[in-house]
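Please walk through this protein chain with the model open beside the text. The account below takes a few local details and then the sheets, helices and cores.

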Amino acid sequence: MLNTEAIWIFLSTQGMDFGLKVLAALAAWIIGRWVIGLVLRLMGAALERGKRIDSTLSTYLRSILSVILNIVLVLAILDIFGIHTTSFAALLAGAGLAIGTAWGGLLTHFAAGIFMQVLRPFKVGDFVQVGGVTGTVLEIGLFGTTLVTPDNVQTIIGNNKIFSDTIQNFSSLPFRRVDCVAKIANSVDPLDAIARLKTALAQIPNVANSPAPDVEILSFTPEGPLLCVRPYTHTDHYWQVYFDTHKAVVATFGAAGYPVPETPITPRNR
């Protein structure tokens with residue numbers, strides 16, 4: 001009975017005011033989110049028209065602005081319910097070490113992201129290996145970087161993990177070497193095989209003339225000499241040249257009639 005009476009007293013005295021605050025908060029959220037989306041779109045369009053800032057930095061700036069505007073929106077909604085900014089700050093301060101530790105981890109990723117924007121070890125669209133993951137950079141965010149791996153899996157890595165580990169950028173230089181090997185039988189003349197492979201490599205699309213492909217004897221095995229076949233190509237055509245080189249080895253050796261390398265068998269003495 002007391003609970004029902006207390007609820008009725010609350011609804012009759014403060015219910016209308018509380019309901020109006022809820023409606024105002026919903027309206028502020030809807031309008032605020034629309035305004036934030038509009039501001040971000042306008043900012044993106046302005047940066048794209050100016051063309052003085054590349055897509056990597058543009059995306060990072062938009063992420064920062066989005067976080068700031070959403071924080072402002074949340075504080076404004078809290079203010080509607082009478083929770084002022086000073087009270088909210090005091091509440092966060094009273095949360096203690098747990099929140100501080102959690103934010104400390106996020107801030108390390110945020111700081112690493114800023115350093116990556118300044119030092120620019122890679123940009124959006126580069127093919128890289130970072131944090132033990134290989135893929136194409138899709139986005140450099142506030143706290144993490146998004147890659148798309150060669151098997152089409154979207155992977156997000158913390159910026160601090162990237163910045164504190166080894167970074168390999170396969171797209172930073174104009175040419176990349178393709179490493180393949182080809183084994184010939186002991187009865188095959190290595191110089192003849194090398195000459196044939198160099199001719200075949202010159203016919204593969206997107207193989208660079210300078211530096212010229214390398215075809216040399218890499219090592220010797222019981223089955224026969226092992227040749228290294230190393231054409232150079234632009235980073236955009238790496239995998240096409242890689243697979244075409246293997247096909248060229250098979251086609252060249254087949255057309256030349258080379259025997260298949262076989263492991264020599266030593267007869268046992270009985």
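Arg-120 is partly exposed in this predicted model, with a relative accessible area of 30%. A value between 20% and 50% is classed as partly exposed, so Arg-120 counts as neither buried nor exposed. The residue is found in the loop between α4 (97-119) and β1. Its backbone has a positive phi of about 55 degrees, although Arg-120 is not a glycine. Most residues other than glycine have a negative phi.

A positive phi of about 65 degrees is also found at Asn-152, again not a glycine. Asn-152 sits in the loop between β3 (144-148) and β4. With a relative accessible area of 65%, Asn-152 is exposed, because the class begins over 50%.

The loops around these two residues lead to strands of an open sheet. Five strands make up this sheet, in the order β4-β3-β2-β1-β5, and their pairing is antiparallel. At its edges are β4 (154-158) and β5 (167-169), each of which pairs on one side only. On average, neighbouring strands in the sheet are turned by 40 degrees against each other, direction ignored. Within the sheet, β1 (residues 127-130) and β2 (residues 133-140) pair in the antiparallel sense over four bridges. One position to look at in this pair is Gln-129, which stands opposite Thr-134 in β2.

There is also an open sheet of three strands, in the order β7-β9-β8, with antiparallel pairing. Both β7 and β8 stand at the edges with a single partner strand each, so one side of each has no neighbour in the sheet. The twist from one strand to the next averages 30 degrees. Four antiparallel bridges connect β7 and β9, and Ala-182 stands opposite Leu-227 in β9. Between β8 (residues 214-221) and β9 (residues 224-230) there are seven bridges, again in the antiparallel sense. Val-215 has Val-229 in β9 as its bridge partner. The hairpin that joins β8 to β9 runs through two residues.

Two helices lie across strands of this sheet. Helix α6 lies across β8 and β9 and runs at about 140 degrees to β8. Helix α7 lies across β7 and β9, at about 15 degrees to β7.

Which residues of the largest nonpolar core touch the most other members? They are Ala-193, Leu-197, Val-229 and Phe-253, in a core of 22 residues. The elements that give two or more residues to this core are β7 (180-183), α6 (190-202), β9 and α7 (238-256). Leu-197 shows how the parts meet: leaving out residues up to four places away in sequence, it touches Val-215, Leu-227, Val-229, Val-249, Thr-252 and Phe-253. Apart from this core lies another, of ten residues, including Met-116, Val-130, Val-133 and Leu-147.

Two prolines deserve a separate look. Pro-211 is in the loop between α6 and β8, and a cis peptide bond, with omega of about 0 degrees, joins Ser-210 to Pro-211. Most peptide bonds are trans. Pro-264 is found in the segment after α7. Its C-alpha is 6.7 Å from that of Glu-223, although the two residues are 41 residues apart in sequence. Not counting residues up to four places away in sequence, Pro-264 touches Pro-222 and Glu-223.

Taken over the whole protein chain, the secondary structure comes to seven helices and ten strands. Of its 270 residues, 28% count as buried. Among contacts with a separation of 6 or more, 63% are between residues 24 or more positions apart. The accessible surface is about 17,300 Å², and 64% of that area belongs to carbon and sulfur atoms.

Confidence in the model varies along the chain. The average pLDDT is 81, and 76% of the residues score at least 70. Over residues 95-99, pLDDT stays under 50, and the model has zero contacts beyond four places in sequence for this stretch.

Note on methods:
Residues numbered from 1 in each chain as written. Predicted model: local features only at pLDDT ≥ 70, side-chain atom pairs only at ≥ 80, totals over all residues. Heavy atoms only, no water. Buried < 20%, exposed > 50% of the residue type's maximum accessible area, 1.4 Å probe, protein only. Contact = heavy atoms within 4.5 Å. Areas by Shrake-Rupley, 256 points an atom, 1.4 Å probe, with all protein chains shown as cover. Pairing = 2+ DSSP bridges. Core = buried A, V, L, I, M, F, W, Y, C linked by side-chain atoms within 4.5 Å. Axes fitted to C-alpha atoms, helices over the stretch in contact; angles between N-to-C directions. pLDDT = per-residue confidence, 0-100.
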